[in-house]
Amino acid sequence: MSAPHERGTELVMPELQFDLRRATELQQRLAAIVESSDDAIVGKSLDGIIQSWNRGAERIFGYKAEEVMGKHISIIAPPDRVDEIPRILARIARGERVDHYETERRTKDGRILTVSLTVSPIRDASGVIIGASKIARDITERIRHQQELEEANRALTRSNVDLQQFAYSASHDMREPLRTVATYSAMLKRKCGGQLGELGDEYIGYIIEGAERMQKLIDDLLAFTRAATMEETDPEEVDANAALSTVLKTLESAIQESAASITGSGLPLFRGHRFQLEQLFQNLIVNAIRYRSGKPLEIHVASERSGDHWQFAVQDNGIGIDPQYHERIFGMFKRLHSPAEYPGTGMGLAICRRIVERAGGRIWVASELGRGSTFFFTLPA
């Protein structure tokens, strides 16, 4: 061991000198951290008297350290929050800690801030609690932005509800005059066909065709609107096999006309909305029938569990889709072909995306031109 050396009447061991130096350096480092903190760091006694006040506290509350030292911490509490302080100090005296307590405090110039407080006991060398250390973070702007975002979301929700109601009402209201146009156009063709000449018959045909297309568009708009509101109802146990069977019966004539072979395997039972699953199957199967190639049409529906979702796949051997259009086809009214080539409104896949995303899943396609398509979608299990 190193020999002690004499300083006045004291004998100081070199090891003790080293420990004292390290302790002093650590204390200085901690003091520097406290002073440079953006948060307010305040030390106070158990009766609430301020004993330390860092630069962060000066910046946030506006008081210089010399203005508040020795004063009660209630100097920064709004009148309706003063009674919080004794309760917090009582918890600290019991050895408890207060974490991320959101409240309000007042600055020197009277502004009210929203702050997040973390308050911890200060103990002496023997472990006795002698005071409290408080870290106050100004979260006023964060709370304001959060409130603005919540209000914007509420406004958006109201707007969406109004828009859905408008779309639903407008679609219903448009059906009657459209039905009138279609009915009288058909009567005109039946009673006056050939009397108006070739051009007249052609014009009547355009009217009837336009009315039929408009009717399909209205039906799709109603389906799109309905897809937005179905999740508001309680989920039920859904048998995906039964849902597929229902769709195949609904599409029986189209299936026979296209001579399509449709199979399904491994379809699950899960909690959801049967109408939504039927709508998905129907839209994707109709899509496969519509965009079939010259070879016999084969469609296969399958599923598998993927984590907390069921992943469904509807595969066909149709004309396929160029990869550059894989995302575009899910937009509203997005078509890659003219109505003369392939009929439809361009709403089917948009409805599918809306149903899937609002249910908490996703939808995508894997396809190449001339090599068929596989549409995948997931639904919560």
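This passage describes the fold, core packing and selected residues of a predicted model.

The chain has 381 residues, of which 35% are buried. Its secondary structure comes to 10 helices and 14 strands. Among contacts with a separation of 6 or more, 56% join residues 24 or more positions apart. No cysteine pair forms a disulfide; the count is 0. Two cysteines illustrate contrasting settings. Cys-192 is partly exposed, because its relative accessible area is 24%, a value between the 20% and 50% cut-offs. Cys-352 has a relative accessibility of 0% and therefore counts as buried.

The largest nonpolar core contains 38 residues. Leu-277, Phe-281, Ile-285, Ile-299, Phe-312, Phe-375 and Phe-377 have the most contacts inside this core. Helices and strands both contribute. Two or more core residues come from each of helices H7 (240-250), H9 (274-290) and H10 (348-358), and from each of strands S11 (298-306), S12 (309-316), S13 (363-367) and S14 (373-380). H9 supplies the largest share, with 7 residues. A separate core holds 24 residues, including Trp-53, Val-68, Ile-88 and Val-98.

Phe-377 shows how the larger core is connected. Beyond its neighbours within four places in sequence, Phe-377 contacts Leu-277, Leu-280, Phe-281 and Leu-284. Its further partners are Trp-310, Gln-311, Phe-312, Val-356, Arg-362 and Ile-363.

Helix H9 packs against two other helices, H7 and H10. The axes of H7 and H9 lie 9 Å apart, at an angle of about 50 degrees. H7 is therefore oblique to H9. Their crossing is right-handed. On the H7 side, the contact is made by Ala-240, Ala-242, Ala-243, Leu-244, Thr-246, Val-247, Leu-248 and Thr-250. On the H9 side, Arg-274, Leu-277, Glu-278, Phe-281, Gln-282 and Ile-285 take part. Leu-277, Phe-281 and Ile-285 of this set are also listed among the residues with the most contacts inside the 38-residue core.

The second pairing has another geometry. The axes of H9 and H10 come within 9 Å and cross at roughly 150 degrees. This angle is over the 145-degree cut-off, so the two helices are roughly antiparallel. The crossing of H9 and H10 is left-handed. H9 contributes Gln-276, Gln-279, Leu-280, Asn-283, Leu-284 and Asn-287 to the contact. H10 contributes Gly-348, Leu-349, Ile-351, Cys-352, Ile-355 and Val-356.

Several H10 residues are buried: Leu-349, Ala-350, Ile-351, Cys-352, Arg-353, Ile-355 and Val-356. Arg-353 is a charged entry in this list of buried residues. Leu-349, Ile-351, Cys-352, Ile-355 and Val-356 also belong to the contact with H9. Val-356 is in contact with Phe-377 as well. After H10 comes Gly-360, with a positive phi near 95 degrees.

Positive phi values also occur at residues other than glycine. His-100 has a phi of about 50 degrees. This residue lies in strand S5 (residues 98-106). His-100 counts as exposed, because its relative accessibility is 61%, over the 50% cut-off. Ala-259 has a positive phi near 55 degrees. Ala-259 sits in the loop between helix H8 (252-258) and S9. With a relative accessible area of 58%, Ala-259 is likewise exposed.

Strand S9 (residues 261-265) includes Ser-261. Ser-261 is partly exposed, because its relative accessible area is 39%. Not counting residues up to four places away in sequence, Ser-261 touches Leu-297, Glu-298 and Ile-299. Ile-299 is one of the residues with the most contacts inside the 38-residue core. Ser-261 and His-300 are 39 residues apart in sequence, yet their C-alpha atoms are 8.3 Å apart in space.

Lys-189 gives a further case of sequence and spatial separation. This residue lies in helix H5 (residues 140-192). Lys-189 and Gly-205 are 16 residues apart in sequence and 8.1 Å apart in space, C-alpha to C-alpha. Lys-189 touches Ile-204 and Ile-208, again leaving out residues up to four places away in sequence.

Key: Residues numbered from 1 in each chain as written. Predicted model: local features only at pLDDT ≥ 70, side-chain atom pairs only at ≥ 80, totals over all residues. Heavy atoms only, no water. Disulfide = S-S within 2.5 Å. Buried < 20%, exposed > 50% of the residue type's maximum accessible area, 1.4 Å probe, protein only. Core = buried A, V, L, I, M, F, W, Y, C linked by side-chain atoms within 4.5 Å. Helix = DSSP H or I, 4+ residues; strand = E, 2+ residues; numbered from the N terminus. Contact = heavy atoms within 4.5 Å. Axes fitted to C-alpha atoms, helices over the stretch in contact; angles between N-to-C directions. Parallel < 35°, antiparallel > 145°, perpendicular 65-115°, else oblique. Left-handed = near helix turned anticlockwise from the far one by under 90°.
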